[in-house]
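Reader: I would like a close look at a single part of this model, beginning with how its segments are paired and then moving outward to what surrounds them. Please also say how far the model can be trusted there.

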Amino acid sequence: MSEKNTKKSKKKRQRRTTRLTFKLTLVVLIVIAISEALTFTGAIVIGFLGGGTNDTTTMIASISASIVIGGLLSIIAGNIVLHPLTELIKATKKVIQGDYTAHLEMSWKEKYTVAELNQLISMFNEMTEELSRTEMFRKDFIANFSHEFKTPLASICGFARQLHEGNLTPEQQKEFSKIILDEAQYLSIMSSNTLLLTSIENRDIVSDKTSFSLDEQLRSSMLHLEPRWSEKNIEIDMELDEVDFFWNELLLSHVWNNLFDNAVKFTPENGKISVSCRQGGGVITVRVRDNGEGIPNEALPHIFEKFYQSDASHATKGNGLGLPLVKRILSLCGGQISVHSTLGMGTEFTVTLYQDMNRPTDMLKEKHLYVPEN
């Protein structure tokens, strides 16, 4: 959080405290005024009935007024404050026991009397909703992760058993060994991506920042995949401005590695991949475009979700962690990513980086352009 935001938050808390103090002071003054009025009225009534007033009459009137006011305040406090707090305690116990569906309903008393109590109940409901979503994601994550591991492990075990039993031709041995190697490499990449994604999801501060050549990083990432795009005879077109960027070089390299890997994976033989990098006005724009099969419109809103794969048949090897990893890394460095895809014509990813990290965080959504939320 920036120093400016910290000051704003501090001023907001001070205003809330001032309002609460004013309310409590007003309540005390009202209680004192009512007490004095009841005492005075009681003294007059008792004096009228007894034929005069004295210290005893005044004392009886004061005690009577105190009893009346105390009883009224107890009823008001019990209905307005204590009862909602009791319900909040019960709901909190449910959350402690693992029931994240606990939800508190607010009546007019909580909404229009004590604003702080209204805020407390609202924040509690928001907390349980977030915990419920987190728990749902955890269960889905475990189920998806287990499923993604199960298939390649079964394949490795099956082909390894065939190799162990023997009676295979040299060609079969080579083929089975290649399958085992590919599946093991797939599991290794998925494990690495999962660990990296988990580690960066639980932090907001990135260390080891240095100034490095972004255009050189883009070239190196593409050259790293040279055996794969050469095998498919893919044409690579790179137009890069000389750009220096200050951030964690290793983390940012995962962005380009995943985007380039997807581009090579989904580009057909003799296809073309275009990469451009432009800088102007403190904004760096990197575009990665291929002329592959494209992404279906119904899949676009989900491609940045963990383990999601638009190819339900899994004909194209992937683990559904690359783009979520890209999205999270760019979120950490204050960047943005958008995608524009047309079936049969290809896909273009646009990454926007900012030299000034104090930029506005609002994101402009253009027509036919899907931009994931941070």
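**The paired strands and their surroundings**

Author: Ile 236 has Ile 273 as its bridge partner in E4. That pair belongs to a longer register, in which E2 and strand E4 (residues 272-280) run parallel to each other over six bridges. All of this is read from a predicted model, and the confidence values are taken up further on.

On its way along the chain, E4 leads into a hairpin with E5, the two strands being separated by two residues, and Gly 281 in the turn has a positive phi of about 65°. Here the sense of pairing is antiparallel, with eight bridges joining E4 to E5, and one of the facing positions is Ser 276, which stands opposite Arg 287 in E5.

Within E5, Thr 285 deserves a closer look. Thr 285 counts as buried because its relative accessibility is 17%, and the cut-off for that class is under 20%. When its neighbours within four places in sequence are set aside, Thr 285 is in contact with Ser 276, Cys 277 and Arg 278, and also with Thr 350 and Val 351. Cys 277, one of these contacts, is itself buried, with a relative accessible area of 0%, and Cys 333 is likewise buried, at 2%. A disulfide would need a pair of cysteine sulfur atoms within 2.5 Å, and by that rule the count is zero.

A further pairing involves E1 and E3: strand E1 (residues 210-213) is joined to E3 by four bridges, and the two run antiparallel. Among the residues matched in this way is Thr 210, whose bridge partner in E3 is Trp 247. In a regular strand the side chains alternate between the two faces of the sheet. Strand E3 (residues 244-247) shows two such faces, with Phe 245 and Trp 247 on the covered one, and Asp 244 and Phe 246 on the uncovered one.

Trp 247 also leads from the strands into the interior. The largest nonpolar core has 53 residues, and Trp 247 is one of the members that touch the most others, a group that also includes Leu 214, Leu 252, Trp 256, Leu 259, Leu 330 and Leu 353. Helix H8 (residues 249-266) provides the largest share of this core, with eight residues. The surroundings of Leu 252 show how separate parts of the chain come together: beyond residues up to four places away in sequence, Leu 252 touches Phe 212, Leu 214, Gln 217, Phe 245, Trp 247, Ile 329, Leu 330 and Leu 353. Apart from this core there is a second, separate one of eight residues, among them Val 95, Leu 104, Leu 117 and Ile 121.

Helix H8 also holds Asn 257, which is partly exposed, with a relative accessible area of 28%. Leaving aside its neighbours within four places in sequence, Asn 257 is in contact with Ser 221 and Leu 225; from Leu 225 it is 32 residues away in sequence and 8.5 Å away in space, C-alpha to C-alpha.

Two loop residues add a point of backbone geometry. Most residues other than glycine have a negative phi. Asn 233, in the loop between helix H7 (226-231) and strand E2 (235-240), nevertheless has a positive phi of about 55°. Asn 167 has a positive phi as well, near 60°, and is found in the loop between helix H4 (115-165) and helix H5 (170-201), where it is exposed, with a relative accessible area of 81%.

As for trust, the protein averages a pLDDT of 76, and 63% of the residues score at least 70. Strand E5 (residues 283-290), a partner in the hairpin, has the highest mean confidence at 96, whereas helix H3 (residues 108-112) has the lowest at 58. Over residues 358-374 the pLDDT is below 50, although this stretch has 30 contacts in the model beyond near neighbours in sequence. Where pLDDT is low, the predicted coordinates should not be read in detail.

Seen as a whole, the protein has nine helices and seven strands, and buried residues make up 32% of its 374 residues. Of the contacts between residues at least 6 apart in sequence, 71% join residues at least 24 apart.

Note on methods
Residues numbered from 1 in each chain as written. Predicted model: local features only at pLDDT ≥ 70, side-chain atom pairs only at ≥ 80, totals over all residues. Heavy atoms only, no water. Buried < 20%, exposed > 50% of the residue type's maximum accessible area, 1.4 Å probe, protein only. Pairing = 2+ DSSP bridges. pLDDT = per-residue confidence, 0-100. Contact = heavy atoms within 4.5 Å. Core = buried A, V, L, I, M, F, W, Y, C linked by side-chain atoms within 4.5 Å.
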